Amino acid sequence: MSCSKKTFKEMLTETQRLSITEWRPVTGSLPPMNAEDWESEFSKYRASPEFQLLNPNMTLSEFKSIYYMEWIHRLWGRFVGLSFVLPAVYFVARKKVSKPMALRLAGIAGLIGFQGFIGWWMVKSGLKDDLFAPGSHPRVSQYRLTAHLGAAFACYVAMLWNGLAILRSHRLLSDPEAGSNLLRSLQDPKLKLFRRSVAGLALLVFVTAMSGGLVAGLDAGLIYNEFPFMGNGLAPPMEELFDARYSRHEDRSDLWWRNMLENPSTVQLDHRILAMTTFTSIMALWAYTRRSPIMKRFLPPAARKGVHGVVAFAWVQVGLGLSTLLYLVPLPLASAHQAGSLALLTWVLVLGSRVWHPSRTAKLLQQAAKAQGRAVSNTARHPPHKL
């Protein structure tokens with residue numbers, strides 16, 4: 001197990017930023033505007049367990065630094081919400097979107113609002129000392145942090161998937177005959193295994209990213225900063241992985257799941273296993289598309305390029321993950337690693353959009369093909385007069 005000496009400022013950056021102790025969705029959009037307001041905010045922070053146990057010597061200047069970090073994050077979240085909700089309201093009100101799409105937009109808007117609530121629910125867990133085990137230092141709940149991360153991913157995936165669906169529909173409808181041929185080829189049963197594999201891969205990437213949220217919430221990346229070993233072996237000793245001290249029941253019925261979700265050593269091992277499983281699955285899918293005669297014959301060229309994109313992002317994400325671990329989780333690398341997981345999930349979804357069969361678009365293509373056929377028939381019956 002490795003460790004390093006860190007300055008107070010570095011520890012402050014890596015651990016807590018719970019500087020804003022209230023949730024004010026509207027009035028909280030403005031930071032303190034004068035010395036009196038700053039002193040009021042600082043006094044609220046001094047009452048928190050984070051200040052009393054971790055930062056009792058913090059100055060007002062240092063408090064302003066972490067306050068602005070959190071304030072910018074909250075303000076950016078509100079900007080993201082408004083940049084989606086206001087255009088959505090306009091397009092729905094002007095009837096520029098179909099009824100199914102209007103319902104989807106309403107659902108995404110609800111997810112954005114829920115994400116804001118989840119964010120405050122997460123922060124609130126770090127402001128109460130009754131949530132901490134005796135002897136531990138204040139931190140937000142890793143469960144709530146992961147829920148906040150998961151809600152953000154869910155919002156993004158919903159936006160991305162619907163955006164890809166709209167773009168694909170317009171592209172297919174621009175040439176109804178070619179679009180119909182492409183969709184018929186995607187309905188071939190021989191592609192069913194590939195489609196299911198892509199769906200499973202998307203789920204695996206998402207779960208791996210969520211396990212990274214548990215790692216971040218427990219600071220589990222600050223132990224065992226080596227790879228592929230964890231101490232003297234590929235995994236820590238069993239007594240460390242399933243430590244009885246994490247159990248809260250006399251019969252030890254919660255021993256396994258609490259260690260899986262609350263023991264930093266076990267959580268890091270879980271994340272490693274999931275990450276390696278994800279990478280292996282991606283490479284196996286790539287090999288399948290390269291070696292299988294069926295895939296060579298039936299897989300569309302766009303999907304084949306999509307597989308190459310997934311492989312490229314997987315290698316980048318592996319490099320970022322190992323660098324983050326080996327360099328003791330510096331903030332820029334950790335942020336890049338988190339962004340890498342979203343980029344990888346993005347490309348898996350792009351790949352999925354290239355092989356899934358959109359039933360609604362297929363119906364629109366049939367209608368367009370019929371209309372085109374009627375137009376040709378009418379032209380044949382009533383040819384234009386020559387001048």
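Is Phe-79 buried, partly exposed or exposed, and what is its relative accessible area? Phe-79 has a relative accessible area of 48% and is partly exposed. The legends below belong to a predicted model.

**View 1. Trp-76 and Phe-79 pair within helix α4.** The structure holds 18 aromatic pairs. One of them joins Trp-76 and Phe-79. The ring centres lie 5.3 Å apart. The planes meet at 35°, and the pair is tilted. Both residues sit in helix α4, which runs over residues 60-93. They are three residues apart, about one turn of the helix. An α-helix has 3.6 residues a turn, so residues three or four places apart point the same way. Trp-76 counts as exposed, at 56% relative accessibility. Phe-79, at 48%, is partly exposed, because exposed means over 50%.

**View 2. Tyr-90 and Phe-91 form an edge-to-face pair.** The ring centres of Tyr-90 and Phe-91 are 5.4 Å apart. Their planes stand at 70°, so the pair is edge-to-face. The cut-off for that class is over 60 degrees. Tyr-90 is partly exposed at 43% relative accessibility. Phe-91 is partly exposed too, with a relative accessible area of 39%.

**View 3. Ring pairs build an aromatic cluster, and Arg-46 lies over the face of Phe-42.** The cluster links Trp-38, Phe-42, Tyr-45, Phe-51, Phe-63, Tyr-67, Tyr-68 and Trp-71. Arg-46 is placed over the ring face of Phe-42, 4.6 Å from the ring centre. The side chain of Arg-46 also meets that of Glu-39 in a salt bridge. The N to O distance there is 3.0 Å. Arg-46 is partly exposed, at 30% relative accessibility. Glu-39 is partly exposed as well, with a relative accessible area of 37%.

**View 4. Two annotated transmembrane spans are helical throughout.** An unreviewed UniProt entry carries the annotation "transmembrane region" for several spans, including residues 75-93 and 105-123. In the model, residues 75-93 are 100% helix and 0% strand. The end C-alpha atoms of residues 75-93 are 27 Å apart. Residues 105-123 are likewise 100% helix and 0% strand. For residues 105-123 the end C-alpha atoms lie 28 Å apart. Other spans under this annotation in the UniProt entry include 143-164, 198-224 and 271-289.

**View 5. Ser-335 sits in helix α14.** Helix α14 covers residues 331-353 and holds Ser-335. The UniProt annotation "transmembrane region", from the unreviewed entry, includes the span 335-356. Ser-335 has a relative accessible area of 39% and is partly exposed. Thr-324 is eleven residues away from Ser-335 in sequence. In space, the two are 9.2 Å apart, C-alpha to C-alpha.

**View 6. Helix α10 has a buried face.** Helix α10 spans residues 255-262. Its residues Leu-255, Arg-258, Asn-259 and Glu-262 are buried. Seen down the axis of α10, the buried residues fall within an arc of 100°, so they line one face of the helix. What covers them? The cover over the buried residues of α10 includes α6 (142-173), α9 (238-241) and α11 (264-291).

**View 7. Glu-262 takes part in two salt bridges.** A search of the whole structure finds seven salt bridges. Side chains of opposite charge can pair when their charged atoms come close. Arg-258 and Glu-262 form one such bridge, with the closest N and O atoms 2.8 Å apart. These two residues are four apart in helix α10, and therefore about one helical turn separates them. Arg-258 is buried, with a relative accessible area of 11%. Glu-262 is buried at 12% relative accessibility. Arg-248 also bridges to Glu-262, and here the closest N and O atoms are 3.9 Å apart. This pair links distant parts of the chain, 14 residues apart. Arg-248 lies in the loop between α9 and α10, while Glu-262 lies in helix α10. Arg-248 counts as exposed, at 61% relative accessibility.

**View 8. A salt-bridge network takes in Asp-254.** Which residues does the network of salt bridges link? Arg-248, Asp-254, Arg-258 and Glu-262 are its members. Arg-258 and Glu-262 are also among the buried residues of helix α10.

Technical notes
Residues are numbered from 1 along each chain as its sequence is written. This is a predicted model: local features need pLDDT of at least 70, side-chain atom pairs count only at pLDDT 80 or more; totals for chains, interfaces and linings use all residues. Side-chain values use heavy atoms; hydrogens and water are left out. Rings of Phe, Tyr and Trp (its six-membered ring) pair if their centres lie within 6.5 Å; planes under 30 degrees apart count as stacked, over 60 as edge-to-face and the rest as tilted. Buried means under 20% relative accessible area, exposed over 50%, partly exposed in between (1.4 Å probe, protein chains only). A charge sits over a ring if NZ of Lys or CZ of Arg is within 6 Å of the ring centre and within 35 degrees of the ring normal. UniProt positions are given in the numbering used here, feature names are shortened, and annotations may be inferred rather than shown by experiment. The arc is that of the directions from the helix axis to the C-beta atoms. Contact means heavy atoms within 4.5 Å. A salt bridge is a side-chain nitrogen of Lys or Arg within 4 Å of a carboxyl oxygen of Asp or Glu.
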